Amino acid sequence: MKDKGYEQLRNEEPKSIALYNLETLSDKEVYLLGMLALQQDEEGQKKALELFNLCIKKNPDFYPAMLAMTFVDASLNVLEVNETVLEKCRTLVRLKPNVAFAHLLTGYHLCGSLNNYEEAINEYQKAVELQPWNPHCYSQLASAYSSLRKLEEAEQYLLKARELDGTAAACCNL
């Protein structure tokens, strides 16, 4: 199947990708451009947000673009109280409740801009249930508990994150 995909790509006419011809690109091509722009500086992140919005206009059910758009929106607005970003996060969770990253993103926004640590803890616990092997889920949970001054719980989850990670990188959030 992989070879078939490469063959199809070789047979396609190469497209010039520029910002003035985005409407001629498919939703997946626009998504890939957004992912490339996302790796740049803050201006690139803002451009990525525009590209993910365009991708969703082309295909409103394209979940990866919705997830990426909400991630960028949340990271650009992390310190602002922004109910729109929170609603986007909650929409992602409703659409696909078994995606741990959507729960992490929701918890991240609840902690960062709304200081709603109790609700964030619920989201992080769901992420842990979905990805018990992911140290980031545990470190985010530890960070939320630490913010509530529940240090025993924070230590428990931080130690679990460190155990899974094997390095001190899990401790960077505290």
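**Helix packing and nonpolar cores**

The crossing of H8 and H9 is left-handed, a crossing being given that hand if the near helix is turned anticlockwise from the far one by less than a right angle, and right-handed if clockwise. The model is predicted, with local features requiring pLDDT of at least 70 and side-chain atom pairs counted only at pLDDT 80 or more, while totals for chains, interfaces and linings use all residues. Residues are numbered from 1 along each chain as its sequence is written, and side-chain values use heavy atoms, without hydrogens and water.

The axes of H8 (residues 135–147) and H9 (residues 151–165), both helices being DSSP runs of H or I with at least four residues, come within 8 Å and cross at roughly 160°; axes are lines fitted to C-alpha atoms over the stretch in contact, with angles from 0 to 180 degrees between N-to-C directions. The two helices are therefore roughly antiparallel to each other, the term applying to angles over 145 degrees. In their contact (heavy atoms within 4.5 Å), Tyr-138, Leu-141 and Tyr-145 are among the H8 residues, and Ala-154, Tyr-157 and Leu-158 among those of H9.

The largest nonpolar core, a set of buried Ala, Val, Leu, Ile, Met, Phe, Trp, Tyr and Cys residues joined through side-chain atoms within 4.5 Å, where buried means under 20% relative accessible area with a 1.4 Å probe and protein chains only, has 29 residues, of which Tyr-31, Phe-52 and Leu-92 touch the most other members. H4 gives the most to this core, with eight residues. Beyond its neighbours within four places in sequence, Tyr-31 contacts residues including Phe-52, Cys-55 and Phe-62.

Methods: Buried means under 20% relative accessible area, exposed over 50%, partly exposed in between (1.4 Å probe, protein chains only). Angles under 35 degrees count as roughly parallel, over 145 as roughly antiparallel, 65 to 115 as roughly perpendicular and the rest as oblique.
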